[in-house]
Amino acid sequence: VPQVTPAEQADDVAKALAKVQAMAGTWGADPARVVLMGHSAGAHLVALVSASPAIAQRAGARPWLGTVVLDSAALDLLPLMYRAHARFYDRAFGSDAALWPAMSPTASLAPGGPPMLLVCSTQRSDGSCDQSAAFARRANAVGVRASVSAHDLSHGQINANLGLSGPETEAVDGFMRSIGVAPP
């Protein structure tokens, strides 16, 4: 940003997913067994693509197994942008309220999305876990399986600790097993 909007970045994620699926056979991989995962701004983008599978379909992507959203506090842009918030959200999402729904995973939620795990930091004061819980409730209401795993870690630790022995890795591994992927 500002050269491209988060909606355009989500289109890029969808194009990358389509490319990975198209190339998977050349790597000996199964194109249907892809999992999207992102942290922070990347979490917002994978949540947006997963909330609105039409974004991925327009890019030529096929359904994928699931999505792991690692600590995004931008899941519900409309209330976020109308209350006091960090200035970087203004740079990321702009001031045109008419564009916010298309960049909001919560506003974009549609049936048919993949299962999602939302991992959040209870140490954040900006409502990451509250937004994750509200998003999961709304996703489940439209038939998309979503769950939340809250951890007493900082925003950075959520990312840095993933893969190390600990409850956040156990939560992601459990989610992966639940969608048919055996963790390494």
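**A parallel sheet, its helices and one disulfide**

A search of the whole structure, which is a predicted model, turns up one disulfide. The two partners are C120 and C129, with their sulfur atoms 2.1 Å apart. The link of C120 and C129 is right-handed, with 105° about the S-S bond. Both cysteines, C120 and C129, are buried. A good way to place this link is to start from the sheet.

The sheet is open and built from four strands in the order β1-β2-β3-β4, with parallel pairing. Its edge strands are β1 (35-39) and β4, each of which pairs on one side only. On average, neighbouring strands of this sheet are turned by 15° against each other, direction ignored. As a general reminder, strands of a sheet pair through backbone hydrogen bonds, in either a parallel or an antiparallel way.

Going through the sheet strand by strand, β1 and β2 pair in the parallel sense over five bridges. Within this pairing, G38 has V69 of β2 as its bridge partner. Strand β2 (residues 66-70) is in turn joined to β3 by four bridges, and these two strands run parallel. Here L70 stands opposite V119 in β3. On the far side of the order, β3 pairs with strand β4 (residues 146-151) over six bridges, in the parallel sense. The bridge partner of V119 in β4 is S149, and that of L118 is V148. Residue V119 can thus be followed across the sheet, with L70 opposite and S149 as its partner in β4.

How the strands are covered is worth a closer look. In a regular strand the side chains alternate between the two faces of the sheet. Strand β1 shows such an alternation: L36 and G38 point to one face and are buried, while V35, M37 and H39 point to the other and are not. In strand β3 (residues 116-121), by contrast, six of its six residues are buried. Both faces of β3 are covered, with M116, L118 and C120 buried on one side and L117, V119 and S121 buried on the other. The disulfide cysteine C120 therefore belongs to the covered side that also holds M116 and L118, and C120 counts as buried because its relative accessible area is under 20%.

Helices accompany the sheet. Helix α2 (residues 41-51) packs on the sheet and touches β1, β2 and β3, and its direction makes about 145° with that of β1. Helix α2 is mostly covered, with nine of its eleven residues buried. The buried residues of α2 are A43, H44, L45, V46, A47, L48, V49, S50 and A51. Another helix, α8, lies across β3 and β4 and runs at about 165° to β3. Together, β3, helix α8 (residues 128-141) and β4 make a right-handed β-α-β unit. The disulfide fits into this picture, as C120 lies in β3 and is bonded to C129, a residue within the range of helix α8.

Two loop residues stand out by their backbone geometry. Most residues other than glycine have a negative phi. S40, however, has a positive phi of about 60° although it is not a glycine. S40 lies in the loop between β1 and α2. D71 likewise has a positive phi of about 60° without being a glycine, and D71 is found in the loop between β2 and α4 (77-82). Are these two residues buried or partly exposed? S40 is partly exposed, because its relative accessible area is 28%, whereas D71 counts as buried because its relative accessibility is 0%.

A last site of interest is Q21, found in helix α1 (residues 6-23). Why does Q21 count as buried? Its relative accessibility is 2%, and the cut-off for buried is under 20%. Which backbone oxygens does the polar side chain of Q21 approach? The side chain of Q21 reaches the backbone oxygen of P31 at 3.3 Å, and the backbone oxygen of P63 lies 3.4 Å from a polar atom of the side chain of Q21. Leaving aside its neighbours within four places in sequence, Q21 is in contact with P31, V34, A61, R62, P63 and W64. Both prolines that offer a backbone oxygen to Q21, P31 and P63, are thus among these contacts.

Conventions:
Residues are numbered from 1 along each chain as its sequence is written. This is a predicted model: local features need pLDDT of at least 70, side-chain atom pairs count only at pLDDT 80 or more; totals for chains, interfaces and linings use all residues. Side-chain values use heavy atoms; hydrogens and water are left out. Buried means under 20% relative accessible area, exposed over 50%, partly exposed in between (1.4 Å probe, protein chains only). A polar contact is a pair of N or O atoms within 3.5 Å; within protein, one must be able to donate a hydrogen and the other to accept it, and residues adjacent in sequence count only if both atoms are side-chain atoms. Contact means heavy atoms within 4.5 Å. Two strands pair if DSSP finds at least two bridges between them. A crossover is right-handed if, with the strands pointing away from the viewer, the path from the first strand over the helix to the second runs clockwise. Axes are lines fitted to C-alpha atoms, for helices over the stretch in contact, and angles run from 0 to 180 degrees between N-to-C directions. A disulfide is a pair of cysteine sulfur atoms within 2.5 Å.
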